[in-house]
Amino acid sequence: MDKEKINKFLDTIEEAVKSGVPETDQQFGVIASYADGVIAIKGLPNLKMGELVRIKDTEIQALVLNLEQDEAFALVLQPATEVKEGMFVESNGLELSINVSDGVIGRVVSALGEPLDGKGEIKKDKIMALEKIAPGVMSRKSVHEPVQTGILAIDALIPVGRGQRELIIGDRQTGKTAVAIDTILNQKGQDMICVYVSIAQREGKLRQVYETLKDNGALDYTVVVSAPASSSAAMQYLAPYAGSAIAEYFLDQGKDVLVVYDDLSKHAVAYREMSLLLRRPPGREAYPGDVFYIHSRLLERAVKLNEEYGGGSITALPIIETQAGDVSAYIPTNVISITDGQMFLESTLFNKGIRPAINVGISVSRVGGAAQTKIMKKVSGSMKLDLAQYYELEAFSQFASDLDEGTKKVLRRGQSIVESMKQKQFSPYALWQEVIVIYAATNGHLDRFEVQEIQNKIEQMLAHFETSEKELINKIEKDKKLTDEIKALLKERVTKFLSKK
């Protein structure tokens with residue numbers, strides 16, 4: 001199309017806009033300019049925010065994000081070198097959506113639902129909108145069932161419930177993704193669908209995650225949504241909403257779903273990049289004014305529905321990366337205020353060899369004991385107090401040369417509990433294992449051993465119970481309550497095993 005025809009077409013559109021007569025049956029606009037992945041569209045007066053348009057005679061789509069008096073601005077979603085001024089833009093009134101079916105389980109998909117794993121097309125079943133208003137108050141139910149993470153420190157002290165939003169926060173390289181992956185691995189046999197959303201991560205890191213899930217049989221119930229660092233800011237921005245839409249497909253079937261957003265710091269950066277390209281006014285730290293809203297509307301979709309609405313749930317585990325442990329920065333404080341608690345992973349603990357490096361002092365679950373099984377609630381009752389006393393006396397004892405017996409006892413108990421909470425990566429505990437370890441640690445059965453022996457003793461004890469105490473294990477897993485019978489058996493068997501040399 002030559003320049004004269006383009007200008008004539010633009011003049012016609014401008015006259016229609018100025019006369020105030022909307023061209024309701026007009027289906028085509030024209031690209032007035034294209035720069036940095038943003039197209040300015042003249043025409044199409046009935047465009048809506050969030051609408052998907054297609055560049056005519058191509059498969060390239062663009063998302064409308066700015067509406068002005070005489071033109072609209074849209075972000076091109078696919079990498080496109082052939083987009084030029086003067087090309088026609090087609091509107092079908094479609095909003096951004098993703099086609100989902102049960103066949104998506106075990107697959108790696110893009111933010112638009114396209115397969116990325118080379119395993120062929122995914123069967124289409126239901127169209128799910130990427131943006132959706134969160135369920136209302138009357139359709140919700142209080143969080144009361146646990147998500148067993150298999151991580152002793154979390155299940156005992158900062159429990160996560162089905163329908164909760166629990167933030168995983170910490171500096172880079174402190175094990176945030178490892179906590180999320182362990183939680184996914186532990187859902188095997190727990191009747192939970194998992195969605196792992198990778199936002200602006202290295203493709204090598206995603207490959208490692210994928211292989212870990214595959215090797216542990218977790219792909220049988222997990223979907224991976226990927227928007228790698230090499231993808232456009234628009235795809236990185238859309239990825240968590242695609243993950244939420246996939247989760248809602250299974251929620252509508254009455255299922256429980258766990259969604260991991262790894263991570264929302266990079267999501268906010270992608271949104272900032274998009275907003276600056278769209279010439280939106282920057283605010284604090286150059287983020288746009290609505291950066292809080294993009295995360296609040298996403299995380300509000302985590303829900304525990306009541307029986308009338310199917311009884312399913314979506315549990316969200318967003319991840320946020322901090323700089324030098326600064327939780328008071330803009331994005332971390334935003335997400336902390338939206339979620340129902342946070343697990344704070346600390347570099348100093350990580351470097352001391354405490355893995356997972358969760359600081360139980362400032363980590364919190366606002367759902368708390370309501371999301372714990374009764375047996376876990378009982379056996380871990382004194383754990384937090386023991387740890388608080390230990391950390392307080394630990395600092396004091398460094399400067400004291402002579403300690404009384406009472407102080408030494410508190411320090412020994414605290415050391416035993418801290419050591420018992422150490423766990424190898426990708427080795428989540430079953431409920432019975434957690435109960436036995438916590439019982440042994442909080443009741444002083446591990447105090448008589450040297451600190452460096454405790455991990456070895458725990459491994460031996462769990463191996464012994466697995467082979468010789470099947471009846472007790474079945475009782476714990478079935479009853480999930482600390483009955484007098486289970487309590488007596490625990491005391492007898494743990495004491496008997498740990499009293500051996």
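Me: In what order do the six strands of the closed barrel run?
Reply: This is a predicted model. The barrel is closed, and its strands pair in the antiparallel sense. Neighbouring strands of this sheet are turned by 45° against each other on average, with direction ignored. The order is β1-β2-β5-β4-β3-β6.

Me: How many bridges join β1 to β6?
Reply: In the barrel order, β1 and β6 stand at the two ends of the list, and the barrel is closed. The two strands run antiparallel, and Gly 29 has Val 89 in β6 as its bridge partner. The number of bridges joining β1 to β6 is three.

Me: Which residue in β6 is the bridge partner of Glu 51?
Reply: Strand β3 covers residues 51-55, and strand β6 covers residues 88-95. They run antiparallel and are joined by five bridges. The partner of Glu 51 is Glu 95.

Me: Which residue in the hairpin of β1 and β2 takes a positive phi?
Reply: β1 and β2 pair in the antiparallel sense over six bridges. One of the bridges links Ala 35 to Val 38 in β2. The hairpin has two residues between its strands, and the loop there lies between β1 (28-35) and β2 (38-43). The residue with a phi near 55°, a positive value in a residue other than glycine, is Asp 36.

Me: Why does the salt bridge of Arg 165 and Glu 300 tie together parts that are apart in sequence, and by how many residues are they apart?
Reply: The closest N and O atoms of Arg 165 and Glu 300 are 2.6 Å apart, and a salt bridge needs them within 4 Å. Arg 165 lies in the loop between α2 (152-157) and β10 (167-170), while Glu 300 lies in the loop between α7 (291-299) and β14 (303-304), so the pair ties together parts separated in sequence by 135 residues.

Me: How many salt bridges does a search of the whole structure find?
Reply: The pair of Arg 165 and Glu 300 forms a salt bridge. A search of the whole structure gives a total of 26.

Me: Which helix gives the largest share of the positive patch?
Reply: The patch on the surface is formed by Lys 374, Lys 377, Lys 378, Lys 481, Lys 487 and Lys 491. The elements that give two or more residues to it are α10 (374-379) and α16 (484-498), and Lys 487 lies in α16. The largest share, three residues, comes from α10.

Me: Which residue does a cis peptide bond join to Asp 262?
Reply: The omega of this bond is about -5°. The residue joined to Asp 262 is found in the loop between β13 (256-262) and α6 (264-277). That residue is Asp 263.

Me: Which residue does a cis peptide bond join to Arg 355?
Reply: Here omega is about -5°. The residue joined to Arg 355 lies in the loop between α9 (347-351) and β17 (364-365). That residue is Pro 356.

Conventions. Residues are numbered from 1 along each chain as its sequence is written. This is a predicted model: local features need pLDDT of at least 70, side-chain atom pairs count only at pLDDT 80 or more; totals for chains, interfaces and linings use all residues. Side-chain values use heavy atoms; hydrogens and water are left out. Two strands pair if DSSP finds at least two bridges between them. Helices (H or I, at least four residues) and strands (E, at least two) are DSSP runs, numbered from the N terminus. Axes are lines fitted to C-alpha atoms, for helices over the stretch in contact, and angles run from 0 to 180 degrees between N-to-C directions. Patches are made of residues with over 30% relative accessible area and no salt bridge: like charges are joined within 9 Å, nonpolar side chains (Val, Leu, Ile, Met, Phe, Trp, Tyr) within 5 Å. Accessible areas come from the Shrake-Rupley method with a 1.4 Å probe; for residues, only the protein chains shown count as cover. A salt bridge is a side-chain nitrogen of Lys or Arg within 4 Å of a carboxyl oxygen of Asp or Glu. Lys and Arg count as positive and Asp and Glu as negative; His and the chain ends are not counted. The place of a charge is taken as NZ of Lys, CZ of Arg, CG of Asp or CD of Glu.
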